[in-house]
Amino acid sequence: MSENHASPSAPVTADEQAGAPAAEAAVASAAAAQPARGRREPMFPDGPAPDPAGSHHERRIRSFQPRRSRVTTGQGESLRRLWPKWGLDIDGLSKLDLGELFGDPELPVVLEIGFGMGEATAKMAAADPGTGILACDVHTPGQGNLLGLAERNGLTNVRVANGDAIILLREMLVPDSLAGLRVYFPDPWPKKRHHKRRLIQPEFLALAATRLAPGALLHCATDWEPYAEQMLEVLSAAPDFENTQADGGFAPRPEFRPLTRFEGQGLDKGHVVHDLLFRRKAH
């Protein structure tokens, strides 16, 4: 599960370059025969934008990569109908009023970064209607699926954010505005040269601490043991957080976190799932 954007283009070979004029002519001819639809017209005009903050222009190592898969008819219908009501693009242009977003200024709001297809998010929202869940991801099918689950189950405490969670935290959320932060099964980036892309890093924790209210819970989970060890090391060293476990180690899975499909697949392969529960210190 993770956070998002356009893939880099593949290198062009000499043969491809040589055949380019003929290919371009064929494309132009085919396009002329098609009904008039704008080439850049979005699939969901009132839905999630492909790159809402134009963040590919920002020079920063990212913890996510694009994931493209087909949007089903049901997911697409949910995006068309429900995005204007329950969705938002992370454009980095203005501060979010979470009370206004959820229609209740007293509602505590938890940010979930990376929700996959949204099944676990929907279960947590149903089990705790007194908490708002701002669920952030860039996977369009998952966004549509979560919106559909929310509608079918009468969940009014879910909002879906599309884009880069770092921009959301840094540019759009005000200090002490979150009652919690959940990062479940982020991309482990297993190759050593990619470890710098992992989300749970000192810089991320320093930013997250400014947006979490004192006492708010930061909950991470992973089935990649080397990443779990790094998470524990980095979180234990973070000056703004304290481990909820007296022994300073991993936590048992809390009842409020349901087993996810992704987690079940990992358990079937013999993976060990680690939960980490840390609190934002009250200074």
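This dialogue walks through a helix, a sheet and some salt bridges in a predicted model.

Reader: What should I know before I start?

Author: The model is predicted: local features need pLDDT of at least 70, side-chain atom pairs count only at pLDDT 80 or more, and totals for chains, interfaces and linings use all residues. Residues are numbered from 1 along each chain as its sequence is written, and side-chain values use heavy atoms, with hydrogens and water left out.

Reader: How far apart are the end C-alpha atoms of helix 6?

Author: Start with the terms. Helices (H or I, at least four residues) and strands (E, at least two) are DSSP runs, numbered from the N terminus. The expected span of a helix is 1.5 Å times one less than its number of residues. Helix 6 covers residues 140-152, 13 residues, and should span 18 Å. Its end C-alpha atoms are 18 Å apart, which agrees.

Reader: How many residues of helix 6 are buried?

Author: Buried means under 20% relative accessible area, exposed over 50%, and partly exposed in between (1.4 Å probe, protein chains only). In helix 6, 10 of the 13 residues are buried, so the rest of the structure largely encloses this helix. Among them are Pro-141, Gly-144, Leu-147 and Ala-150.

Reader: What covers the buried residues of helix 6?

Author: Look for contacts, meaning heavy atoms within 4.5 Å. The cover includes helix 3 (73-86), helix 5 (119-127), strand 3 (132-137) and strand 4 (158-162). Helix 6 lies across strand 3 and strand 4, and runs at about 170° to strand 4. For such angles, axes are lines fitted to C-alpha atoms, for helices over the stretch in contact; angles run from 0 to 180 degrees between N-to-C directions. Just after helix 6, Gly-154 takes a positive phi of about 65°.

Reader: In what order do the strands form the sheet?

Author: Strands of a sheet pair through backbone hydrogen bonds, either parallel or antiparallel. Here two strands pair if DSSP finds at least two bridges between them. The open sheet has 8 strands in the order 1-4-3-2-5-6-8-7, with mixed pairing. Strand 1 (87-89) and strand 7 (241-243) stand at the edges, each with a single partner strand, so one side of each has no neighbour in the sheet. The twist averages 25° from one strand to the next. Strand 1 pairs with strand 4 in the parallel sense, over 3 bridges. There, Leu-88 stands opposite Ala-161.

Reader: Is Asp-137 buried or exposed?

Author: Asp-137 lies in strand 3. Its relative accessibility is 0%, so Asp-137 counts as buried. A polar atom of its side chain lies 3.2 Å from the backbone nitrogen of His-139.

Reader: How many salt bridges are there?

Author: A salt bridge is a side-chain nitrogen of Lys or Arg within 4 Å of a carboxyl oxygen of Asp or Glu. The count comes to 6. One of them joins Glu-151 to Arg-81, with the closest N and O atoms 2.7 Å apart. Glu-151 lies in helix 6 and Arg-81 in helix 3, so the pair ties together parts 70 residues apart in sequence. Glu-151 is partly exposed at 36%, and Arg-81 is partly exposed at 42%. Salt bridges link Glu-77, Arg-81 and Glu-151 in a network.

Reader: Which residue does Arg-257 meet in a salt bridge?

Author: Arg-257 meets Glu-263, at 2.6 Å from N to O. Arg-257 is buried, with a relative accessible area of 1%. Glu-263 is buried too, at 3%.

Conventions: A polar contact is a pair of N or O atoms within 3.5 Å; within protein, one must be able to donate a hydrogen and the other to accept it, and residues adjacent in sequence count only if both atoms are side-chain atoms.
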